[in-house]
Amino acid sequence: MAARVGVVTFPGSLDDRDAARALRIAGAIPVALWHGDADLRGVDAVVLPGGFSYGDYLRCGAIARFAPIMSELVPAARSGRLPVLGICNGFQILCESHLLPGALTRNSSRHFICRDQLLRVESTATAWTGDYHTGQEILIPLKSGEGSYVADPATLDELERDGRVVARYAGAAPNGAQRDIAGITNEHGNVVGLMPHPEHAVEALTGPSVDGLGFFTSLLAHLAAGPVPAAATAR
Amino acid sequence: MPEAPQLDTVAKAAGSPDSPQPFAELGMKDDEYARVREILGRRPTSAELAIYSVMWSEHCSYKSSKVHLRQFAEKAPRNDALLVGMGENAGVVDVGDGYAVTFKIESHNHPSYVEPHQGAATGVGGIVRDILTMGARPVAVMDALRFGPLDAPDTRRVLPGVVSGISFYGNCLGLPNIGGELGFDSGYIGNPLVNALCVGVLRHEDIKLAQAPGPGNKVVLFGATTGPDGIGGASVLASATFDEESHAKRPSVQVGDPFLEKLLIECSLELFAADLVVGIQDLGAAGVSCATTELAAGGTGGMRIELDRVPLRDSRLTPEEILMSESQERMMAIVSPDKLSAFMDVCAKWDIVATVIGEVTDVTPEEAERGGRLVMTWHGETVVDMPPRTASDEGPVYERPIARPSDQDALQADTPDQLPRPANDAELRAQLLRVLAAPGIADPSWVTRQYDRYVLGNTVLATPHDGGMVRITDDGERGVALATDGNGRYTRLDPYTGTQLALAEAYRNVAATGARPHAVTNCLNFGSPEDPGVMWQFAEATRGLADGCRELGTPVTGGNVSFYNQTGSTAINPTPVIGVLGVIGDVRDRLTSAFPADIDDARLYLLGTTRDELGGSAWADVVHGHLGGLPPAVDLTAEAALGRVLSAGASLNVLAAAHDLSDGGLAIALAESALRGGVGCTVDLTGDPFVALFSESAARVIVAVAPTADAAFQETCDRHAVTATRIGSIGGDALRVRHATGGFEIPLTELRTAYESTLPSVLDGE
Amino acid sequence: MARVVVDVMLKPEILDPQGQAIVGACDRLGFKGVAQVRQGKRFEVEVDGEVDDAKLADVRRLAETLLANPVIEDFELRVE
């Protein structure tokens, strides 16, 4: 029985179809979830896709955080039970929901940046990165206007110490992110936020590589390994 | 609260025939105003005058261009693929398997000069709604942009604003930006050209038209509320008719809300899928005036509207202001009464405000004869009672005076032959780098990096390749390719030939992706039609395009005319921008312009013939600041043959790369392909190396061929009678040029620095 | 109707590229001596009736949970 993975559509979500396609290519069954329904439909994991939820008019992700679906998602994610991957706007929503520390702010260049970005995988002890090896370099698209990760020094130190930096920009961060951070995870390793878009690097024809597929195959391996989250020992 | 202005009703208009009206301030001529009075048999009300003045404006009525645009239909090649032709919001082309695509390019030049960010943003929004209105899901956008010189102070205001507007709106809509153009010329100071193209995909059976059949059907306005955006004319009307001081000057900048447009797209597609609309029209220029008159004219001819039901953002708006408002993100649908509640439910799901503002009515045979009957009321009083067809279809048509400009002969006589040419290899090398670094040829990444090219996951090719290409379904192989081209310098020298060159280049760009060119759209950017010299340019350009399309077998499916692009009496170089759409059966066959780094000893061929043609060239412009002589000759038979070789070569897998030759000739094509592939090349030139490198002869491409594919490649060229000249090999880390008496070489790192530094050095920090 | 104004500013330690760009523009436009600009947001919250302590506390909660992100932003309230 293939894993059922939810993809949440908020008003203004844009990469929801792409996330569903990536999951399908990886071998999962994507399940469309609607922001207005407080119902996760029994999915095994959830992707919060990229886009501009609610126009991102107040702050990126600030309004999506209060959507009915989040009332179901937040407790399940916080407990370490439900694997959640937030991509770009999804990462912003995870930070606004306090499932992940810190925040995403405007790129230091002030401009939207769309480019093929080399990342270094820093942690494989998450539900979404087990198929990579530490230090592996992957090429996936970055496309965002407010992708600069910030947190206070104590939080940054804690993330580094606990191995919760999932990926860094190789070379200097193009958006000014602190300590070149491109992605982080929570203490259980089930919730991952990532600024670049792995779902756009799953087919050689339409992406710069197929390096992004690993996020989705990692999840399937993680789910197949059993109900206990990989890094749940920290509880 | 200001005092409510007096309402001008039909009854009042009938009783006060001599009341003065500000038709001249609204841009109407004496005879046009007289004709309105004749149609109505009385003076128009303020609301009617608002409708006629916007509908008969150049922008909406094409009154100066119509007589010339007719050729596109009259000379159109027979093409069974054309499902909907000119005249609708956009043409629709069959691409096989029951799928069709619709595409169109449109200008937003003047608004982008006034407020670059919002002007460009709303330009994207408008063209996307045109595509949506045909029943299609928009799947990609492109932009053809032209500015004053890169280092001009105003360019540093306009360019970053335009780019941020396109980026903001397009990215937020979730449409990949797959290519376009970036050009610079002093003529565009004060007249930037912002031409936006959108392409959408639909099933044949889903085509929607702007019509309002069926008496009793409801007229529903949905999307944004109506505010004072874009009202220039209405404030004239209001202030001149009523108290000068009572109306604050309304802002005329339209403000776009891409988030709302995204919801409007999803909502509309859901409405279409559930078959809940019988007719639809987007609200662009001329807003409610245009939508109501066109829908009514396309249907029974009868419609009744209660204008006071239009949801307002500013409750002080008058009927005429509502009629002229260009508030963005609005649509008008015709809905049968039994489907109204389902229609409203879909709108509610997407948080879209929808309001019934009227209904389709029957007309008597006499009314039909007059052009139908559109009645609008304002709180029960009749403010409009007119035949809608007289506004939408029967506007004035002008045969403007035409005169070949007096300086045309002198311009053509001033050939580039007398310009000093590089005397030695060092000068050749230096001039190659100079042309490569020139704005308009140099790397446009500063611009294109601000656009999302990946969203929707179907982008197969995007900038910097010759054309953009998207897969039309998530799981199929079929795709469409698009390119736009225009060269104001060529067109200035010879508008007929220049326009055909733009067509030929766009055609060649599409062919160089491996797709087969299918159909054409155009955005004709010119100066004032009241200038006989400009009108001559326009007449020549349209004749050239119509003749060229007939010869290539690619019909014009629609387009847009932008006149009055001039500062004082100085017009821009005439700039027809031509978009070509092509179809590819299997997107995996697509060709890129990057030299292959992974094929040992790949061979480099030049297809086509090089002549000494430097009139209007990038070399003459960049090195000598010269514009004169004649542009390169056009050979559309050769272009078509070249297209067949490229499409056959792609599907047979005999080509490893293809890149068209245009601005800067072979020199720039080699440099670009080398930089994109990250691998150099060595070329051996015969004849004058300067001409070989910098001539801009048309109907040429370079291709890379693997040694194993060489025989099949030669056979393909022979079959289509295209000359292939082996000019060198791919490999190494430099561009090496050899000729009979010497040669030079430029390391890729040096090429890259020249190519990539230009835009950032001026624009970073803006 | 009474109005509570909420001013939201990025915390001093958070990079404000927009503010920096404005400083650059000041210089080019000839406004000399502009040392720093920080860009913020102003919210005008209209409430029914008078603003009493309870209402003000409500708006403060609104600011904390929605209008500002305390991770990167500070805010101030005042009644107008």
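Q: At what angle do helix α5 and helix α21 of chain B pack, and how far apart are their axes?

A: The model is a predicted one. In it, α5 (residues 66–74) and α21 (residues 532–552) of chain B pack at an angle of about 5°, and their axes are 9 Å apart. Angles under 35 degrees count as roughly parallel, so α5(B) is roughly parallel to α21(B).

Q: Which residues of α5(B) and α21(B) meet?

A: From α5(B) come H68(B), L69(B), Q71(B) and F72(B). Facing them in α21(B) are F538(B), A539(B), T542(B), R543(B) and A546(B). By class, this contact has 5 nonpolar residues, 3 polar and 1 charged.

Q: How do the axes of α20 and α23 of chain B cross?

A: Helix α20 (residues 495–511) and helix α23 (residues 636–651), both of chain B, have axes that come within 9 Å and cross at roughly 10°. That angle makes α20(B) roughly parallel to α23(B). The crossing of α20(B) past α23(B) is left-handed.

Q: Which residues make the contact of α20(B) with α23(B), and how do they divide by class?

A: On the α20(B) side they are A504(B), Y507(B), R508(B) and A511(B). On the α23(B) side they are L636(B), E639(B), L642(B), G643(B), L646(B) and S647(B). The residues of this contact comprise 6 nonpolar, 2 polar and 2 charged.

Q: How should the overall dimensions of chain B be read?

A: The radius of gyration is set against the value for a compact globule with that number of residues. For 766 residues that value is near 27 Å, and chain B has 27 Å, so the two agree. The C-alpha atoms of chain B fill a box of roughly 90 × 55 × 50 Å along the principal axes. Chain B contains 27 helices and 28 strands, and 62% of its residues are buried. Of its contacts between residues at least 6 apart in sequence, 85% join residues at least 24 apart.

Q: What does the radius of gyration say about chain A?

A: A compact globule of 235 residues would have a radius of gyration near 18 Å; chain A has 16 Å, which agrees. Its C-alpha atoms fill a box of roughly 45 × 40 × 40 Å, again along the principal axes. Chain A has 5 helices and 11 strands. Buried residues account for 64% of the chain. Among contacts in chain A between residues at least 6 apart in sequence, 76% join residues at least 24 apart.

Q: How many residues of each chain are in contact with the other?

A: The size of an interface is often given as the accessible area lost when the parts come together. Here the description is by residue contacts: 23 residues of chain A are in contact with 23 residues of chain B. In chain A, the elements α1 (16–26), β6 (113–121) and β7 (137–144) each supply at least two residues of the side that touches chain B. That side of chain A has 10 nonpolar, 7 polar and 6 charged residues.

Q: Where does D308(B) lie, and why is D308(B) classed as partly exposed?

A: D308(B) sits in the loop between β9 (302–306) and α12 (319–324) of chain B. Burial is judged by counting other C-beta atoms within 10 Å: 20 or more means buried, and 12 or fewer means exposed. D308(B) has 16, so D308(B) is partly exposed.

Q: Which residues is D308(B) in contact with, leaving aside its neighbours within four places in sequence?

A: They are W378(B) and H379(B). Although D308(B) and H379(B) are 71 residues apart along the chain, their C-alpha atoms are separated by 6.1 Å.

Methods. Residues are numbered from 1 along each chain as its sequence is written. Chains are lettered from A and ligands numbered from 1 in the order in which they are written. This is a predicted model: local features need pLDDT of at least 70, side-chain atom pairs count only at pLDDT 80 or more; totals for chains, interfaces and linings use all residues. Axes are lines fitted to C-alpha atoms, for helices over the stretch in contact, and angles run from 0 to 180 degrees between N-to-C directions. Helices (H or I, at least four residues) and strands (E, at least two) are DSSP runs, numbered from the N terminus. Angles under 35 degrees count as roughly parallel, over 145 as roughly antiparallel, 65 to 115 as roughly perpendicular and the rest as oblique. A crossing is left-handed if the near helix is turned anticlockwise from the far one by less than a right angle, and right-handed if clockwise. Two residues are in contact if their C-beta atoms, placed from the backbone, lie within 7 Å. Ala, Val, Leu, Ile, Met, Phe, Trp, Tyr, Cys and Pro count as nonpolar, Asp, Glu, Lys and Arg as charged, and the others, Gly among them, as polar. The radius of gyration is taken over C-alpha atoms; the globule rule is 2.2 Å times the number of residues to the power 0.38.
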